[in-house]
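Got your viewer ready? Here is a short tour, one selection at a time.

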Amino acid sequence: MNITNAKYFQDNGKNCSINCTIDGQELSVPLDPANTDYQAILEWAAIDGNSIEAAD
Amino acid sequence: MTKAAELAKIGEAVTSGQIGGRRNLVINGAMQVNQRGTIDAANGNGFPVDRFKCTVAALDQLVVALSQDSSAPAGFANSLEIEITTVEDALAANETFVLETRLESQDLQQVQKGTATAKTMSLTFYVKSSVTGNYALQALDSDNGRSVAFLYAISVADTWEKKSILIPADTTGAFADDNGIGLSLVWFLAAGTNFTSGTLQSAWAGTTNANLAAGHNVNIMANTDNNWSLTGVQLEVGSVATPFEHRSFGEELAMCQRYFQTVMTGTINVSSSSGINMNPQFFGTMRATPSVGQEGVFNVNDRATNNTQSSTDVSIYAGDTRGIAVNMGNFSG
């Protein structure tokens, strides 16, 4: 799984999901621990140099 | 096979296997359902059909076409096909190209893995490739980090061959009773020396990468137009491989929609001058709250004006396994 960016999306000031590009596809990924994309983003973010951007 | 041997096999199936329907633990084993369509995968990652995913590690040049195909052995109408479009020049030690299907832990409780009465499983599939040689296959228990690996040979190019593999019982490491990944079946299509330099892991043990594909001597990424096809995948409890359990397209589609589905619309309301909220409901309950992508831009007509997205923009703001609420932006009208 190739993750090239990740940024939180907020609603009413609360992080709700992560907008990201996975394998070239733009996705909105829920913060559900059972979601395998979310699991992969957390693994990706744990690598030095990667981080999930804060929401606008 | 003699009559006595046939009777013994039937007896084994009756006492140790599952006699009737729902024998096949694999979803979409006949490759009937393909909700995503043909994929030109620039990096090799993607689903040729539902529930079967190609994954690469460390590749930098490979381009493949992943598709559902009408080539199939007698009794089947579909297969999945992986065709090399752009070759990977050299196979580095850490590079792999695999096809995988995953089974939920809660659907594997009858295997009794991790107990004294753990069951053997039988895996059957039909495979065809333009490249002959020995291919590796891994059964991975994700709950416990344990694996067992096998080799199967493709002896004649471009010809369907039926393969049967016995996956031994494992008295160590139970499958959790949850919606996580329990068992993965992984077909190696290319494997660098980090995965082939050991001894084939032919008994269940903690996963050791060097042992997973030992003996695998094929690299289908080496030449343009190389191809590999698969269908008729059946995994069943017991040591007897029974004929493929054909299920209707509707049944297979419903099972696949637990993991991926396409929704056309939902209740819509305007959230801002450039955005809308939409609340699509799913067909059946999904395994987890799904990720959401958008195929093409939306046009919303309020009976007065057309409002069209300048580009795709979708973000989840609420949802669960039954339905989801998304905000879609970039509208103007």
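The tour goes from the interface of the two chains to a group of rings in chain B, and keep in mind that this is a predicted model.

**Stop one: the interface.** Colour chain A and chain B separately and select the residues in contact: you should get 18 from chain A and 20 from chain B. Together the two chains bury about 1400 Å², with 45% of that on carbon and sulfur atoms. Now pick out Phe9(A), Asp23(A) and Ser28(A), the residues of chain A that lose the most area to chain B; they make up 29% of what that side buries.

What about salt bridges across this interface? Zero are found between chain A and chain B. Switch to polar contacts instead, and there are 10 residue pairs between the chains, both partners at pLDDT 80 or more.

**Stop two: the chain A side.** Show the cartoon and select β1 (3–11), β2 (14–22), β3 (25–30) and α1 (36–45) of chain A, the elements that each give two or more residues to the side touching chain B. Linger on β3(A), which gives the most, with five residues. Colour that whole side by residue type and you'll see seven nonpolar, six polar and five charged.

**Stop three: the rings.** Over all chains, the structure has six aromatic pairs. Zoom in on Tyr135(B) and Tyr152(B), which are stacked at 5.5 Å centre to centre with 15 degrees between the planes. Tyr135(B) sits in strand β8 and Tyr152(B) in strand β9, so the pair ties together parts 17 residues apart in sequence. Are they buried or exposed? Tyr135(B) is buried at 0% relative accessible area, and Tyr152(B) is buried at 4%.

Finally, add Phe52(B), Phe125(B) and Trp187(B) to that selection: ring pairs link these residues with Tyr135(B) and Tyr152(B) into a cluster.

Note on methods
Residues numbered from 1 in each chain as written. Chains lettered and ligands numbered in written order. Predicted model: local features only at pLDDT ≥ 70, side-chain atom pairs only at ≥ 80, totals over all residues. Heavy atoms only, no water. Contact = heavy atoms within 4.5 Å. Buried area = accessible area lost by both parts, 1.4 Å probe. Salt bridge = Lys/Arg side-chain N within 4 Å of Asp/Glu carboxyl O. Polar contact = N/O pair within 3.5 Å; in protein donor to acceptor, adjacent residues only side chain to side chain. Helix = DSSP H or I, 4+ residues; strand = E, 2+ residues; numbered from the N terminus. Nonpolar A, V, L, I, M, F, W, Y, C, P; charged D, E, K, R; others polar. Phe/Tyr/Trp six-rings, centres within 6.5 Å; stacked < 30°, edge-to-face > 60°. Buried < 20%, exposed > 50% of the residue type's maximum accessible area, 1.4 Å probe, protein only.
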